[in-house]
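Welcome, and please have your viewer ready. We will go from one selection to the next and look at what each one holds.

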Amino acid sequence: MNGRDVVVTGCGCLGPWGIGSDALAHALGRGEPLARPIDRTAGYHRAASAQLVAACGALDLTPWVSPQAARRMSDLSLFAVAAARMALQQAGLDSVAGDRTAVAFATAFGPGGFTEQLARQILEQGGKAASPFLFTDCVANAAAGQVAIDLGARGANLTLCQREAGPLLALEQGATEIASGRADFCLAGAVDEMKPLSHAILDRFRALARPDAHGTGELPRPFDRRRRGVLAGEGATVLLLEDEAAARARGARILARVRATARAFDPGAGRASFGRDDQGLAAVLHARLAPWLAEVDAVVSTASGARHGDALEARILRRTFAALPPVLVPKAVHGEYGGGTLATALLALGGLDVARPAACDQPDPALGVVPVHGRVQAHRVLCSALAAGGAAAWTILEVP
Amino acid sequence: MNRGPIVVTGLGAVCGLGTGIAAVWQRALAGRHAIEPIGLFATTTHRTTLAATVPADAPLLAGRGWSNAERFACTAAAEAVRTLPAAALRSARAGVFFGSSTGALFEAERWLSARLSGHEGALAPLAAQQNDGPGTAVARHLGVRGPVATWSTACTSANVALGAALDALRTGEIDVAVAGGADELCETTYAGFNSLRAVDARPTRPFRAGRAGLSLGEGAGVLLLETRDHARARGATVLCELAAAGRSCDAHHVSAPEPGGRGAAAAIRAALHEAGLEPAAVTFVNAHGTGTPHNDAAEAKALQAVFGARTATLPVTSSKSLVGHLLGAAGGIEAVFTALSIVHRLVPPLAGLEPADPALGLDVVLGAPRALPERNVGLSTNLAFGGNNAVVLLRSHAP
């Protein structure tokens, strides 16, 4: 990063694994997809569509958000506020209220549930039926705004929407706020909700794995020869970023340093598909991150079971590393979206036992990437994010 | 890393006033607004009937299944980069930084409407339904290989994107940035703002005593930004500089501005600090100026807090009076207007003849364009849902 060194001192996360990093670590240790049936009662889904979702289910978030406050929020805002409060708690901070606390979030779809409800009100009952409550919390930045209100964060308030690349782009944006000296704290991360309408639309674009005749094809299979698509998920991961010198001065426990970031784009990608320019993307990755790549000892991969996306990722990784470090595929467990990869990267730096997902037991020989099984104790992790539509981002996190 | 000033070398605009800088600017100087009855969808079930939409016969780029917002974005971007060799864009040293708050929501509404009627609507436009649709389309259309990102912070989106582009240029990540925003009008947005009683039944009247709300608009505003050295090396004409960006959050309410304007003032001060400028250096303001009673009052207080007694003689305009509120693209089109004001040394007037609200204490540009001095610093402000504030400062280029 240009400027001040940026470190992570807190992580709040929730998702289909439950609440907190320990629950995520447990889920990654089991290696089983956290899938459950999607609600199809609204009639958006086609008969042969995907039927599973990695949903949060009923999480008790009352330790972080009062039921009264939660009633005024979309799931997206609720997830974000709870995760942000968890991050603060882990960072040992009672308050970050003030002008120098920024928020930088990513969301792929925003509050899709509220937007759908609002649109249905208008389309079915006319414009005058629109609910102002739904409208004000249906903008993509509502979650970041709610976090700011909850915590009194009056610095820059940023929300990125760049599909699967969003979490790392938001982390980069948040780190820039700290490195530049514009903020002393930044709550950075990703938050997503996965509602039936979004799920059904993703399915129509054939992004999701669908059931096969054996009833097993719907599982996410990163880097596996039988991969057929992703498992859509939801959740939130929020990291508390701060200046390393300031964090040390206050005696904070440092979870990771944001060493370097890279961003690129593949213009050959389709509007809803991955590109194929591994050479071009790898060239940017190398140009930006070369000084640190040699000591990368784990990769938290973007691989999700997407047919072409995983192939692109594999080719980039093979171009980047002569000998591949251990590759984690957390999306095999928690699905796509929700930022769980950020929390996984921190876990890998702290030491993590992962099980290779059973659905990934037939690695695609054409890809040459075998997900790690066993203990990962990394000192420097490369996080990767490739998005449908062409965007790409990478971040190196390291033990300081 | 000091890479010198970041310069603006191209502009592109699509809005209700027209397609292309020349047409838009000519009509803006004439104080014409584009706020008319909506033809895009039926307004019979809505509380109001007006908006500044892009004419259906506008000469826009098109592609298979493109959403309206993608067409706006790519058309404006193509105009902005027309003097730049394609090779400079098809590079990892070029990036796209965009703002959008609705993506392709108009097309998504059409699809959902069909689905609720038991039919299957056209799927292709839904590929761009996410908010990154317009910006990603621009990147694909131009062949960019560097950073591409979309910010969706409601009405500040494009100003936030401009600030991010500035960061990327200053840190040396890239040499060229295509930055701005695009948004399309849709029923969800229209009904939503009406549900808040925030839409004026008449064309919006920012900073007037009788103001009663905003008028929505649609379109795109795009700037081509370069490092000074890159622009010099290719012999580009420099229009002005993007001097700084400032961001803040009210942390007050999900949709209403903090009444004292403290958050907006903090964003302005942050930009001035970043640019190394005193408030006295600012020669005009292109305000957020939505025309809602509370927004304009809060914004006036923010300007008073920063500029003090000088506020009474600091020319203030609002592009929204002419082109409506372009939401996530507002910062883009308003930065374009601000840059044009610096280039032509003229501030366009607000539409209409009603006098300014004396309670606000602003020097609102009315009736005719206001002449500017030879060297200028223009402030363009945006405030948004979530308490989001983002401003940019543009200034005359010192060769």
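How far apart do the C-alpha centres of domain 1 of chain A and domain 2 of chain A lie? The answer is 20 Å. Please keep in mind along the way that this is a predicted model.

**Stop 1: the two domains of chain A**

To see those two parts, select residues 7-256 of chain A for domain 1 and residues 260-398 for domain 2. Colour them separately and look at where they meet: 56 residues from domain 1 of chain A and 64 residues from domain 2 of chain A take part in the contact. Between them, these domains bury about 4700 Å², with carbon and sulfur atoms giving 66% of that area.

Now show A:Glu164, A:Phe223 and A:Arg227 as sticks. Within domain 1 of chain A, these residues lose the most area to domain 2 of chain A, and together they make up 21% of what that side buries.

Stay with A:Arg227 for a moment, and add A:Asp364. Their side chains meet in a salt bridge, at 2.8 Å from N to O. The interface between domain 1 of chain A and domain 2 of chain A has 3 salt bridges, and it also has 23 residue pairs in polar contact, both residues of each pair being at pLDDT 80 or more.

Switch to a cartoon view to see which elements line the domain 1 side. At least two residues each come from β1 (6-15), α1 (21-30), α7, β7 (185-192) and β8 (235-243) of chain A. Pick out α1(A), which provides the largest share of this side with 7 residues. Colouring by residue class shows 34 nonpolar, 9 polar and 13 charged residues on the side of domain 1 of chain A that touches domain 2 of chain A.

**Stop 2: where chain A meets chain B**

Next, bring both chains into view and select the residues in contact. You should find 62 residues of chain A touching 71 residues of chain B. About 5600 Å² is buried between chain A and chain B, 59% of it on carbon and sulfur atoms.

For a close-up, pick A:Arg204 and B:Glu120. A salt bridge joins their side chains, with 2.5 Å between N and O. In total, 8 salt bridges are found across the interface of chain A and chain B, along with 23 residue pairs in polar contact, where both residues are at pLDDT 80 or more.

Go back to the cartoon of chain A. Elements giving two or more residues to the side that touches chain B include α4 (112-125), α7 (166-179), α8 (196-204) and α10 (278-293) of chain A. Highlight α4(A), the source of the largest share of that side, at 7 residues. By class, the side of chain A that touches chain B divides into 30 nonpolar, 19 polar and 13 charged residues.

**Stop 3: chain B as a whole**

Hide chain A and zoom out. Chain B has 12 helices and 16 strands, and its C-alpha trace spans about 60 × 50 × 40 Å along the principal axes. Why does the radius of gyration of chain B agree with that of a compact globule? With 399 residues, such a globule would have a radius near 21 Å, and chain B has 19 Å.

**Stop 4: the two domains of chain B**

Finally, split chain B into domain 1 (6-233) and domain 2 (245-395). Their C-alpha centres lie 20 Å apart. Here 62 residues of domain 1 of chain B are in contact with 65 residues of domain 2 of chain B, and about 4500 Å² is buried between the two domains, 68% of it from carbon and sulfur atoms. Show B:Trp25, B:Phe207 and B:Arg208: these supply 20% of the area that domain 1 of chain B buries against domain 2 of chain B, more than any other three residues.

One more pair to select is B:Glu274 and B:Arg170, whose side chains meet in a salt bridge at 2.6 Å, N to O. The count between domain 1 of chain B and domain 2 of chain B is 5 salt bridges, and 20 residue pairs are in polar contact across this interface, both at pLDDT 80 or more. To end the tour, highlight α6(B), which with 9 residues gives the most to the side of domain 1 of chain B that touches domain 2 of chain B. That side has 33 nonpolar, 20 polar and 9 charged residues.

Notes. Residues numbered from 1 in each chain as written. Chains lettered and ligands numbered in written order. Predicted model: local features only at pLDDT ≥ 70, side-chain atom pairs only at ≥ 80, totals over all residues. Heavy atoms only, no water. Domains from an automatic or database assignment. Contact = heavy atoms within 4.5 Å. Buried area = accessible area lost by both parts, 1.4 Å probe. Salt bridge = Lys/Arg side-chain N within 4 Å of Asp/Glu carboxyl O. Polar contact = N/O pair within 3.5 Å; in protein donor to acceptor, adjacent residues only side chain to side chain. Helix = DSSP H or I, 4+ residues; strand = E, 2+ residues; numbered from the N terminus. Nonpolar A, V, L, I, M, F, W, Y, C, P; charged D, E, K, R; others polar. Rg over C-alpha atoms; globule rule 2.2 N^0.38 Å.
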